[in-house]
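Ready to practise reading a protein model? Work through the exercises below with the structure open beside you.

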Amino acid sequence: MTIAVLIIVAVVSVFCVRLVDIQIVQADSLNATSLASRSDSTVTLGTRGDIVDANGVVLATSILRYAIEADPSAVAEFDRPAADGSGDVKVSADQAIGELASVMGLDPAVITAIVTADPTSRYAQISKSVDVSTYNAIRALDIPWLYYKADQSRTYPDGSVAGNLVGFVGADGTALAGTELTQNACLAGSDGSEVTETGEDGVAIPGSTVTLKKAVDGGKVQLTINSDLQYFAQEALAQRVTEVGAESGTVVVTEAKTGKILTAAEYPTVDPNNIDATDPAYRGAKVFSDPFEPGSTFKSITAASLIDAGAATPASQVLAPYEYKSGDAVIHDSFYHPDMRWTLTGVIEQSSNTGISMLSNNMSVDQRWDYMNKFHLGKPTEVGFVGEDSGDILPGGVSGPTQLDDQTVYNTTFGQGLTVTAVQMASAYQAIANNGVRMPVQLFEGCRHDDGTVTDAPAPSTGEQVISPQAAQDTVHMMESVATTGYAADALKIPGYRVSAKTGTAEMSNGSGAYGGAYLTSMAGMAPSDDPQYVVSVTIRKPVTITSGLAAAPVFQKVLSQVLKTYRVQPSTVPAPNLPTTY
Amino acid sequence: MTNLATVPVSRLGSPASAPAIEPRRRWLKPAPDSMPRQRRRPRIVYAAVAIGGIAIIALAQLLLTIGLSDGAYQVSAQQSKLKDLSRTNQALSEQLTALSSPQNLVQNAQTLGMVANGNTVYLRLSDGAVLGSPTPASAANAPIAADQALVPNSLLQPDPVVAAPVPDVSSAPPTAAPDPSVPWQGALPSPQTH
């Protein structure tokens with residue numbers, strides 16, 4: 001009996017030792033090996049956020065695309081269930097390649113080359129990205145040596161509408177320009193990862209999914225742009241630019257009461273779906289990044305500053321010659337005329353360089369530059385767009401306006417010798433239109449996250465009183481004379497509305513310190529003049545057939561009519577004051 | 001075996017009536033084993049209940065695991081169905097957003113023969129006054145002509161989806177020119193305000 005007991009004890013102790021060995025000593029390594037063999041780690045994609053316009057129209061969104069990869073070492077004949085269910089059909093590699101090629105729209109020889117390049121390799125990429133319907137068709141072919149990888153891509157449903165503002169991403173998804181780049185911190189999502197234990201056939205074991213890192217979707221950026229108005233402005237501008245043989249153009253529409261940009265169109269504009277079709281010089285947003293000498297549209301700003309400083313009124317008189325000399329400066333008007341008895345209103349209506357230069361003598365140089373700073377010229381706008389230029393109101397890098405030469409000092413009264421961007425000009429006119437209150441320029445409404453929170457919304461602002469309300473209204477009424485009796489009046493009429501505008505024909509620098517023969521024509525204004533709601537500013541660069549403000553006038557009139565129609569602005573009921581232009 | 005010593009009664013000092021020496025008594029008797037069988041019976045019942053319980057628990061766990069695994073397959077099938085539907089949804093959404101683009105809408109409108117009217121006329125509801133002069137839209141007065149090349153949308157390539165073109169009206173027999181002004185029938189709708 002004792003021997004049996006001993007044998008039993010021996011056997012049991014062997015089992016105990018083995019048990020302790022497995023459960024305690026080797027537990028960790030065995031667990032790890034087992035987990036590694038059945039767990040499947042996946043990357044959960046964090047979607048990049050959308051870019052939408054003021055009404056929620058999607059301008060940029062993320063979509064799934066699939067990379068088609070093959071395993072060259074496994075390319076061989078395979079079996080496929082027959083269509084009529086009568087058993088398996090043998091499909092050769094060439095036949096499979098042929099079917100694949102016809103679905104993908106590629107040449108079978110191309111696919112064969114990729115797949116047979118290195119027969120021992122386990123990986124070869126046939127296509128970097130195919131869309132969903134092609135992917136479904138390829139999967140339906142049931143080719144066992146193909147592998148698929150899902151990836152995010154970006155699509156821009158409206159094409160080149162607001163393409164300059166929306167920007168684009170590169171082939172690998174990195175933001176390269178526009179809102180995509182400026183608001184990348186908001187738009188970018190972050191990928192997560194999770195580990196799931198799966199059975200032999202790939203089905204997940206329930207309850208075994210461990211989220212190592214949660215995927216975070218990007219936020220949605222809302223622009224203040226109205227995409228339909230943007231499309232209209234782009235079409236109107238593009239047609240006019242090609243009609244007058246010009247190089248490029250811009251149209252900016254802002255809301256007078258709020259400073260929001262409703263349209264910032266330019267031509268040529270990039271189509272973010274097809275970047276290569278556009279010249280690299282025009283793939284950005286020139287409305288923000290391209291400074292220019294504004295020309296006579298700047299006279300309104302000078303006049304507003306004069307009236308606010310008390311140095312002039314709309315009825316101030318000046319005997320304006322064709323040529324005016326003061327110190328080293330020589331100023332000419334754009335058309336020959338004898339000495340004219342003009343009021344400040346007349347100077348604005350006729351766009352007289354000599355008139356405005358003479359009247360500017362009533363203000364000191366420092367005062368005028370003070371006003372330019374108050375109008376926020378010479379510094380970037382509050383939008384913070386990528387590549388935005390600040391303009392230059394102190395050319396030559398001087399430290400103060402008193403160090404500028406006489407010619408430049410006078411040139412700046414009529415918008416030559418300093419540079420601004422299209423958005424800055426529109427913003428200055430917005431201050432004049434809004435009773436002298438300049439609102440911060442706004443393009444982005446904010447970043448709306450998935451959970452509903454909104455971050456990065458511009459702080460609400462009551463604006464800044466740049467000039468007095470009386471000075472602003474006087475300037476608006478003076479500009480009305482341009483639209484009623486100026487040389488471009490016929491092109492500017494909008495039936496039922498009082499319009500204020502200012503023409504501009506600026507000489508463009510030839511790049512080596514002198515003015516060449518090219519012009520930058522512009523038209524800026526607001527409507528309705530009794531209570532301005534919307535500001536439109538148009539520039540056309542280097543027109544050939546028409547080189548005056550008449551080149552830009554039709555675009556101005558069409559865009560302003562469309563704006564007034566879109567926002568149902570009531571027609572004017574109070575007649576224009578018709579300030580006297582001569583004395 | 002009892003160890004108790006029997007105490008014989010001594011003659012000396014004994015009470016008057018000296019009892020006789022009694023025979024050796026056995027003080028201890030074995031306990032009567034009156035109910036052995038009844039005590040053994042609960043041990044088997046308890047064992048049977050315990051083993052039966054274990055078996056039932058094991059069975060229940062087996063059934064739950066089978067159900068859970070079956071559910072896992074259903075979940076997997078549903079998830080794959082969801083993925084397929086999401087893909088279809090995305091493909092259709094892509095098509096939809098491309099078709100909603102302004103370029104496509106204008107192209108279709110033009111093919112249908114529609115012309116934008118640049119002339120804005122207002123109808124004042126309070127008194128029915130017409131502000132402005134209504135004129136029919138004509139291609140010559142359209143504010144813009146939709147030129148696909150100038151504001152392109154490459155998502156609509158190669159050809160945008162275009163409605164069937166309207167047959168040329170000018171080839172039809174001439175009819176009397178319709179009266180451009182449309183008289184309002186009935187009462188004007190007045191705005192419902194509080």
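**Exercise 1. Compare the radius of gyration of chain A with that of a compact globule.**

Step 1: Take the rule for a globule, 2.2 Å times the number of residues to the power 0.38. For 583 residues it comes out near 25 Å.
Step 2: Now look at chain A, which has 35 Å; this radius is taken over C-alpha atoms.
Step 3: Check the spans along the principal axes: the C-alpha trace of chain A covers about 135 × 60 × 50 Å.

A quick note before you go on. This is a predicted model, where local features need pLDDT of at least 70 and side-chain atom pairs count only at pLDDT 80 or more, while totals for chains, interfaces and linings use all residues. Residues are numbered from 1 along each chain as its sequence is written, and chains are lettered from A and ligands numbered from 1 in the order in which they are written.

**Exercise 2. Find the cis peptide bonds that lead into Pro268(A) and Pro528(A), and place each proline.**

Step 1: Start with the bond from Tyr267(A) to Pro268(A), which is cis with omega near -5 degrees. Pro268(A) sits in the loop between strand 12 (261–267) and helix 10 (286–289) of chain A. Helices (H or I, at least four residues) and strands (E, at least two) are DSSP runs, numbered from the N terminus.
Step 2: Go on to Ala527(A) and Pro528(A): the bond between them is cis, with omega near -15 degrees. Look for Pro528(A) in the loop between strand 22 (515–527) and strand 23 (534–541) of chain A.

**Exercise 3. Asn435(A) and Asn578(A): is each buried or exposed?**

Step 1: Get the cut-offs straight. Buried takes 20 or more other C-beta atoms within 10 Å of a residue's own, and exposed takes 12 or fewer, with C-beta atoms placed from the backbone.
Step 2: Asn435(A), in the loop between helix 16 (422–433) and strand 17 (437–438), has a positive phi of about 55 degrees though it isn't a glycine. Asn435(A) is buried, because it has 20 other C-beta atoms within 10 Å.
Step 3: Asn578(A) lies in the segment after helix 19 (553–566), and its phi is positive too, about 50 degrees. Asn578(A) counts as exposed, because it has 12 other C-beta atoms within 10 Å.

**Exercise 4. Describe the side of chain A that touches chain B.**

Step 1: Count the residues: 35 of chain A are in contact (C-beta atoms, placed from the backbone, within 7 Å) with 32 of chain B.
Step 2: Pick out the top contributor, helix 9 of chain A, with 8 residues.

How values were computed:
Contact = placed C-beta atoms within 7 Å.
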